[in-house]
Amino acid sequence: MVKYSIYIVIAITSISSCVTPDNYKYLSFFFDGVPDPSVNENIEINLTDSSTQIIQIDSSSIIPQVIIHIPYAENECNSCHDKNFLGAYIKPQPALCYLCHEDFNETYKSLHGPVQGGYCTSCHDPHKSKISNLLVKEGKELCFTCHESSALSLGNLHSDIGENNCIDCHNPHGAVNNNYLVEGTCLNCHDNFNKNYKYVHGPVAAGYCNTCHDSHSSDKENLLLRTGQDLCTNCHDINILLQNEAHEEIDNISCLECHNAHGGEDRFIFN
Ligand code: HEC
Ligand code: HEC
Ligand code: HEC
Ligand code: HEC
Ligand code: HEC
Ligand code: HEC
Ligand code: HEC
Ligand code: HEC
Ligand code: HEC
């Protein structure tokens, strides 16, 4: 009788569903001889017969999914480690990873610090992880390993940042711009008010939302960077404005009393 040690891995979302042969193949693997460094994260079941048995999992056993890097699952340790000494690698990072993955230097004009420096394993586990994409931490926690969370959390959080994570707006590897923003950024979730107004305010139409809004958080309402006239006089010269009769008595009145920040039915974008 042959004894197989099977590491079963269950997706949280499909705990009570049947594991199909296909995803079973992906989700689990046989490991003979090599000690698994995370044995305590898996349930070990000794089967006495076939290696292709489909296993129905009890919904009470909630175990997070484990993603296994293909070369590790296939026992190809030497595709990364020196064949004589496990502690040495056949190439340093990032060249090691670029042996099989696209070279980000060719994809992006501007590379994120740790990608440029070849610290792929500061975010990815080279062997396996419970988090998709072999990540070492989930969501924004990954980013807060190196970036100050306090700098990005003044008062009201952009609800999206609160619940989801940074990569909705930032590409973790790089982009054409300095802040590695994904294409579209704000406009992937908000519209640029073209449909709402006949006349759209210059910076809004241009998609420069962050000239008035903080992308991450703010201690002001509506994630605004500034309040009162300061929000507008940042771009519009108050001295020029005051030359207009219409502005004779606007001393302490918010510009928003008369104008709309995003647009209007008139070229002066009145409320
Ligand atoms: C895709 C490349 C890659 C493959 C394949 C790979 N490793 Fe690794 N391994 C690494 C890297 C890179 C590190 C260093 C991790 C770090 O910097 O945190 C590492 C670290 C290790 C360590 C040190 C302890 C630890 O877990 O961090 C051991 C032991 C190890 N690997 C064993 C193996 C074995 C055994 C296999 C084959 C079953 C294997 N590795 C396959 C890239 C790989
Ligand atoms: C700052 C953290 C971070 C660093 C450093 C990093 N990655 Fe990633 N990587 C991510 C995240 C987050 C994802 C998931 C992206 C998504 O879901 O859109 C990802 C996804 C991936 C993927 C799968 C999806 C894809 O884009 O092809 C590969 C392959 C990958 N990274 C390789 C690398 C390599 C190679 C390096 C080093 C040159 C590296 N990563 C450095 C965070 C990082
Ligand atoms: C020997 C080839 C090989 C090497 C070297 C290699 N990978 Fe992979 N990697 C693969 C294969 C194969 C896949 C699965 C197919 C795919 O997604 O491209 C994969 C998938 C991934 C994924 C996506 C996992 C997911 O959840 O979909 C990430 C992230 C990743 N590798 C990171 C790395 C990093 C970081 C390194 C360097 C430490 C590295 N790889 C080195 C072969 C390799
Ligand atoms: C391993 C450390 C590390 C991790 C993890 C990390 N970063 Fe970075 N990040 C850096 C470094 C280093 C720089 C370059 C800083 C510089 O050049 O001033 C940088 C720069 C940036 C910049 C550009 C800042 C600027 O001033 O131009 C953004 C945006 C950014 N990271 C976002 C992220 C996001 C989003 C995540 C999570 C997916 C993340 N970072 C995870 C280290 C990290
Ligand atoms: C809603 C889109 C969005 C999300 C989500 C987002 N960012 Fe940003 N981030 C931006 C934009 C846009 C910039 C460019 C500077 C600006 O206009 O605020 C930026 C700039 C940055 C910078 C460089 C400038 C600075 O403020 O230090 C860092 C670092 C950064 N983001 C990290 C993060 C991290 C970490 C997260 C997750 C907690 C995150 N971002 C989530 C849109 C976003
Ligand atoms: C991944 C989706 C997503 C992206 C990308 C995104 N937002 Fe949001 N944003 C939301 C959600 C969800 C809300 C909360 C619901 C609502 O008010 O529409 C929100 C709310 C807001 C609010 C109102 C906040 C408040 O306190 O009432 C502002 C302002 C805002 N976003 C600006 C931006 C800016 C500027 C960008 C680009 C840097 C951006 N958003 C990108 C999803 C997103
Ligand atoms: C000239 C400054 C300015 C610019 C540029 C700007 N906003 Fe606003 N935004 C405001 C002000 C002020 C408010 C507060 C509500 C109000 O009085 O209209 C606001 C409110 C919001 C709100 C919450 C209330 C609502 O109307 O749903 C969202 C979402 C929003 N802005 C998204 C955006 C997006 C997306 C962009 C870029 C396409 C953008 N804003 C560009 C000034 C601006
Ligand atoms: C980021 C810079 C910027 C900010 C901040 C800004 N504006 Fe503007 N504004 C512009 C630009 C650019 C135009 C278009 C100028 C043009 O077409 O002549 C414009 C046009 C206008 C117009 C129409 C002018 C005309 O002659 O048709 C009004 C009214 C206006 N803005 C009011 C405001 C108010 C009120 C605020 C504050 C809520 C504000 N602006 C904040 C850049 C800005
Ligand atoms: C009491 C209502 C009111 C307030 C408050 C107000 N405006 Fe106006 N604004 C007007 C009217 C009316 C016009 C049209 C003038 C015309 O027909 O020439 C105008 C025109 C403008 C114009 C285009 C013409 C020009 O003079 O450049 C801009 C830009 C502008 N306002 C910006 C602002 C800003 C910025 C503030 C706040 C500092 C502000 N307004 C406050 C009523 C107001």
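Select ligand 5 together with His216: in this predicted model, an N or O atom in the side chain of His216 is 2.8 Å from a nitrogen atom of the ligand. Two elements, α6 (139-143) and α7 (159-163), each contribute two or more residues to the shell around ligand 5. Now add His170, where a polar side-chain atom likewise lies 2.8 Å from a nitrogen atom of ligand 5. Ser215 supplies a contact of another kind, with a polar side-chain atom 3.3 Å from an oxygen atom of ligand 5.

Extend the selection to the whole shell of ligand 5, which holds 16 residues. Those that come nearest are Cys166, Cys169, His170, Asn210 and His216. Coloured by class, this shell shows 7 nonpolar, 7 polar and 2 charged residues.

**Ligand 7**

Next, centre the view on ligand 7. There are 17 residues around it, and Cys209, Cys212, His213, Asn222 and His262 come nearest. Two histidines deserve a distance label. In His213, an N or O atom of the side chain is 2.8 Å from a nitrogen atom of ligand 7. In His262, a polar side-chain atom lies 2.8 Å from a nitrogen atom of ligand 7.

How is the shell around ligand 7 divided among nonpolar, polar and charged residues? It contains 11 nonpolar and 6 polar residues, and no charged ones.

**Ligand 8**

Move on to ligand 8 and display the 15 residues around it. His201, Cys232, Cys235, His236 and Arg267 come nearest. Begin with the histidines: the side chain of His201 places an N or O atom 2.8 Å from a nitrogen atom of ligand 8, and a polar side-chain atom of His236 lies 2.8 Å from a nitrogen atom of the ligand. Then select Arg267, which has a polar side-chain atom 2.8 Å from an oxygen atom of ligand 8. By class, the shell around ligand 8 comprises 10 nonpolar, 4 polar and 1 charged residues.

**Gln229**

From ligand 8, turn to Gln229, in the loop between β9 (217-218) and α9 (230-233). Is this residue buried or exposed? Gln229 counts as buried because its relative accessibility is 19%, and the cut-off for buried is under 20%.

Show the surroundings of Gln229 as sticks. Leaving aside residues up to four places away in sequence, Gln229 touches Ile238, Ile250, Asp251, Ile253 and Cys255. Ile250 merits a second look, since the side chain of Gln229 reaches its backbone oxygen at 2.7 Å.

**The loop between β5 and α6**

The next stop leads back towards α6. Select Ser132, which lies in the loop between β5 (128-129) and α6. At 44% relative accessibility, Ser132 counts as partly exposed. Draw a line from its C-alpha atom to that of Ile68: the two residues are 64 apart along the chain, and the C-alpha atoms are separated by 9.5 Å.

Lys137 occupies a place in the loop between β5 and α6 as well. With a relative accessible area of 35%, Lys137 is partly exposed. The C-alpha atoms of Lys137 and His124, which are 13 residues apart along the chain, are separated by 8.6 Å.

What does Lys137 touch, not counting residues up to four places away in sequence? Its partners are Ile131, Leu142 and Thr145. Of these, Thr145 can be given a distance label: its side chain makes a polar contact with the side chain of Lys137 at 3.4 Å.

**The nonpolar core**

Now select Tyr98, Phe104, Tyr108, Leu111 and Val115, the 5 residues of the largest nonpolar core. Within this group, take Phe104 as the centre of the view. Excluding residues up to four places away in sequence, Phe104 touches Tyr98, Leu111, Val115 and His173.

**The whole chain**

Finally, zoom out to the complete protein chain. Shown as a cartoon, its secondary structure comes to 10 helices and 10 strands. Of its 271 residues, 24% count as buried. Switch to a surface representation: the accessible surface of the protein chain comes to about 18,200 Å², and carbon and sulfur atoms account for 54% of this.

A contact map completes the tour. Among contacts in the protein chain between residues at least 6 apart in sequence, 59% join residues at least 24 apart.

Definitions and conventions
Residues are numbered from 1 along each chain as its sequence is written. Chains are lettered from A and ligands numbered from 1 in the order in which they are written. This is a predicted model: local features need pLDDT of at least 70, side-chain atom pairs count only at pLDDT 80 or more; totals for chains, interfaces and linings use all residues. Side-chain values use heavy atoms; hydrogens and water are left out. A residue is near a molecule or strand if one of its heavy atoms lies within 4 Å of it. A polar contact is a pair of N or O atoms within 3.5 Å; within protein, one must be able to donate a hydrogen and the other to accept it, and residues adjacent in sequence count only if both atoms are side-chain atoms. Ala, Val, Leu, Ile, Met, Phe, Trp, Tyr, Cys and Pro count as nonpolar, Asp, Glu, Lys and Arg as charged, and the others, Gly among them, as polar. A nonpolar core is a set of buried Ala, Val, Leu, Ile, Met, Phe, Trp, Tyr and Cys residues joined through side-chain atoms within 4.5 Å. Buried means under 20% relative accessible area, exposed over 50%, partly exposed in between (1.4 Å probe, protein chains only). Contact means heavy atoms within 4.5 Å. Helices (H or I, at least four residues) and strands (E, at least two) are DSSP runs, numbered from the N terminus. Accessible areas come from the Shrake-Rupley method with a 1.4 Å probe; for residues, only the protein chains shown count as cover.
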